[in-house]
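Work through the exercises below with the model open. Each task is followed by a stepwise solution.

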Amino acid sequence: MADHVQSLAQLENLCKQLYETTDTTTRLQAEKALVEFTNSPDCLSKCQLLLERGSSSYSQLLAATCLTKLVSRTNNPLPLEQRIDIRKWKIFCSVLKKISFLLCGLVLFVVFFLIGNYVLNYLATRPKLATFVTQALIQLYARITKLGWFDCQKDDYVFRNAITDVTRFLQDSVEYCIIGVTILSQLTNEINQADTTHPLTKHRKIASSFRDSSLFDIFTLSCNLLKQASGKNLNLNDESQHGLLMQLLKLTHNCLNFDFIGTSTDESSDDLCTVQIPTSWRSAFLDSSTLQLFFDLYHSIPPSFSPLVLSCLVQIASVRRSLFNNAERAKFLSHLVDGVKRILENPQSLSDPNNYHEFCRLLARLKSNYQLGELVKVENYPEVIRLIANFTVTSLQHWEFAPNSVHYLLSLWQRLAASVPYVKATEPHMLETYTPEVTKAYITSRLESVHIILRDGLEDPLEDTGLVQQQLDQLSTIGRCEYEKTCALLVQLFDQSAQSYQELLQSASASPMDIAVQEGRLTWLVYIIGAVIGGRVSFASTDEQDAMDGELVCRVLQLMNLTDSRLAQAGNEKLELAMLSFFEQFRKIYIGDQVQKSSKLYRRLSEVLGLNDETMVLSVFIGKIITNLKYWGRCEPITSKTLQLLNDLSIGYSSVRKLVKLSAVQFMLNNHTSEHFSFLGINNQSNLTDMRCRTTFYTALGRLLMVDLGEDEDQYEQFMLPLTAAFEAVAQMFSTNSFNEQEAKRTLVGLVRDLRGIAFAFNAKTSFMMLFEWIYPSYMPILQRAIELWYHDPACTTPVLKLMAELVHNRSQRLQFDVSSPNGILLFRETSKMITMYGNRILTLGEVPKDQVYALKLKGISICFSMLKAALSGSYVNFGVFRLYGDDALDNALQTFIKLLLSIPHSDLLDYPKLSQSYYSLLEVLTQDHMNFIASLEPRVIMYILSSISEGLTALDTMVCTGCCSCLDHIVTYLFKQLSRSTKKRTTPLNQESDRFLHIMQQHPEMIQQMLSTVLNIIIFEDCRNQWSMSRPLLGLILLNEKYFSDLRNSIVNSQPPEKQQAMHLCFENLMEGIERNLLTKNRDRFTQNLSAFRREVNDSMKNSTYGVNSNDMMS
């Protein structure tokens, strides 16, 4: 007992240090000690002591969180002795003593059941616990209930009695009632949330069962309690009544926010605007009192509660359309619109930002779930649309208030405007009156904000380009409705600002503030003009509207001429970014193969600016691109967007041919040096990653060069002169014992980024061969030397490795060497040399911090895997010649791959998506074409690879899962063939590798059996999205493990209810019907067909099963 008291005091002291101390070292030591305590064998008994005798709230919190972690374990569940250790808990000591010898199969169920009861009793006898302790204990109860949901005792699902369990709380005082409601709220939230430690399939089965058996009862209970609360005169100054109302609203919201059919994978997304209410809930929503309850609550309670009420209304407004017939839906919508009208007529509470935000979301749902034709038929529609328009205009004018809520208002008007061409109702929609008001309010409010932002030093929304672009995308549709009014407004405002700006520039006494204000206004106008031009794609455009676009385009191009003429003295970065946004929209609509060149826009450009055709317009684009690269070379945002525009222009078939004929483009092709384009320089760069945009630049130049290059080697060599000079400079540096390392790094990194762009663009054999012969053998040693010197610096190695990966990639069959050419083999030798050199050196780095391991090590390894995969699957090397002639290049590359692989923990293979994809795609090639190498590996390596395949089968990434299926298929096919040969009388025995591989598999049959179980489980119980891929290895797995498959089949059949067992047995019989004992293509195809029927029959058989199968009445 003394030991317990002493250890209890130590734990309480550690808790105090963890939560109260300000000393970082002390807190970290306490945290480490408490983590060790969580993993200790006597953790359970100590948790009970902390709850029973602990003197501080922190120790009770520790006990609750430790228990939650222990019951949640999957990879290391509670050992039997730890489970039995709960017998020390006096509340059920005698029970466990009597039955502990029978608990081998039921102990976890008993533990969960007793802990759950213990928690409820603990909460019932201690209502004055600290809030965070109560919350932690409720979390523990909810977790236990979820994990034990399908546990059954004498046909009674004891963990499903949540409402009954908390009834005693709900019938007691307000304090107890709060605990009961919080339990139901946390339980609903817990069951709704998938966690990464348990299979998604299990989560969905529990959630579906909870939805069907309990959720509607909880929702009804919550609504009834809210009705009772709203019928009384609540004293919200009383903290307990205040808390009860808050918890009831949270519970109701959790019920309505439940993921009814398993589609809401991302909680942060607001795109899923439909709440898939089950058909069994119809009565609650057909009863108008449910909807009226929340509108009444909104008007009767303080604004601090209103956001939750509005959140509930948002969900109610989003119920699926198919829940109602047409008449019911019209009636429901009428009540909803009446409620919205009432809020708009009494907007006092909307001054609270949270209320305002939720109300904006509610307005957006009006159109996302209902058609314009339905809205216009609502009795009060004319008044409501007027109120909504006034509310929107007022909101836009107060741009500084809740700016993140504007998205929902613009979303509403965007959907309304987009519906105008399709509405068939005879009632007037009146959008032609109100949409221009919304457009005008948005535009004028943005312009008026500029002066205030500059004067008061506020945050400029133009700096958040993502938010600006999102709003402009919405405005592009809104502005195109009644486009004549939009265009007239823009012309008027643009002319005013442009004239004022020009006058200020010509005035010697103009203040910088006035100039900045006009530049800010023009920036907004240029962005908006680009957006409304881009909105042309959403509507059927007329010649008159094209002429209006021409008016706007002329003004922007005239402004560009003015600003470009001043760049030598000064420039405005935001205005330049707006220009680039405008050019991008203009390019999408009016430049390219699909554009009508007779457009009236070109006629207007010809009249005003003398731009007669697309070629002349393209010359303006190129002129702007060159100007930006000349004057803004040190501004990364402008440079990258400018180069992206050039890259986009170089893709179009007709536009690229017109571009090449321009003198400005020829100038770029002949003068791509830092003298003319400062961003190509290597001086004054803040770091090496600033050079990334060079790849984009040279990709575009490469495409432009290829148009007329043909087989003209002189033209190619002329183009490559600057790069040749750079390579020679690096070679010169490397030839000396001492050189400026930073200068060498910058030169080399810039050079390889340039070359990667060119290599990517050269996707034809003729041009790519010119590049290959230029770089090999002259300059390849320089790349190898760079890897050797700077392997520890990813800023250098990543660009070099990516260049090599691009060079060995046989894109568009460009790597087709002549029959007498050894270049394919020579290229692979260089690939092998680089992989081997980098791999051997990167493994000498030692321990790398977890937060840096990807950047310093795994990223380079991932690129090496991609490089090796591209080389092995390129079909330009006969790999048999390497062993035939004693060349170790292939063996070196493959052995380095194994070394690198073994240095990576299994968890990292799946934690980093790019590493996952490169590894599994490489493994697929190796198992397909180099299975003899896999078979020759040591047992531990083979088991590592098989384990990685097993884990990949359940990966969320479908590409990874499909690749694993392919790998497994190749391995299983190899095994089956070798086994078949070993049983036949042949003059030639199995080779040593095959014989050893068979022996390893026979020694460790559990690995293949586990994968058979995994694949079958996915096909039967999960949402299998790649069924064909899963079917290919399954037949081989079954033929290799026929006895295990038989046992597995019997286990699955016996796990079904008695009335379902015969049907399940028949499904398995049909699966193997007509299947022969071979892996010929015809037999595989028949099995794949059988498997499709098998899965369909199994799902039909299990639909109404009470054994946790998802019974879904959603869309009935």
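**Exercise 1.** Is Ser306 buried or exposed?

Solution. Start with the cut-offs: buried means under 20% relative accessible area, exposed over 50%, and partly exposed in between, using a 1.4 Å probe and protein chains only. Ser306 has a relative accessible area of 0%, so Ser306 is buried.

This is a predicted model: local features need pLDDT of at least 70, side-chain atom pairs count only at pLDDT 80 or more, and totals for chains, interfaces and linings use all residues. Residues are numbered from 1 along each chain as its sequence is written, and side-chain values use heavy atoms, with hydrogens and water left out.

**Exercise 2.** Place Ser306 and list its surroundings.

Solution. Step one: Ser306 is in helix 15 (residues 306-317); helices are DSSP runs of H or I, at least four residues, numbered from the N terminus. Step two: the Ser306 side chain reaches the backbone oxygen of Pro302 at 3.4 Å. Step three: set aside neighbours within four places in sequence; Ser306 then contacts Tyr298, Ile301 and Asn355 (contact: heavy atoms within 4.5 Å).

**Exercise 3.** Compare the settings of two non-glycine residues with positive phi.

Solution. Take Met430: its phi is about 65°. Met430 sits in the loop between helix 20 (406-419) and helix 21 (431-456). Its relative accessibility is 22%, so Met430 counts as partly exposed. Now Ser812: phi is near 55°. The loop between helix 37 (794-807) and helix 38 (823-842) holds Ser812. Ser812 is exposed, because its relative accessible area is 52%.

**Exercise 4.** Which peptide bond, with omega near 5°, is cis?

Solution. The bond runs from Tyr776 to Pro777. Pro777 lies in the loop between helix 35 (765-775) and helix 36 (780-790).

Key:
Polar contact = N/O pair within 3.5 Å; in protein donor to acceptor, adjacent residues only side chain to side chain.
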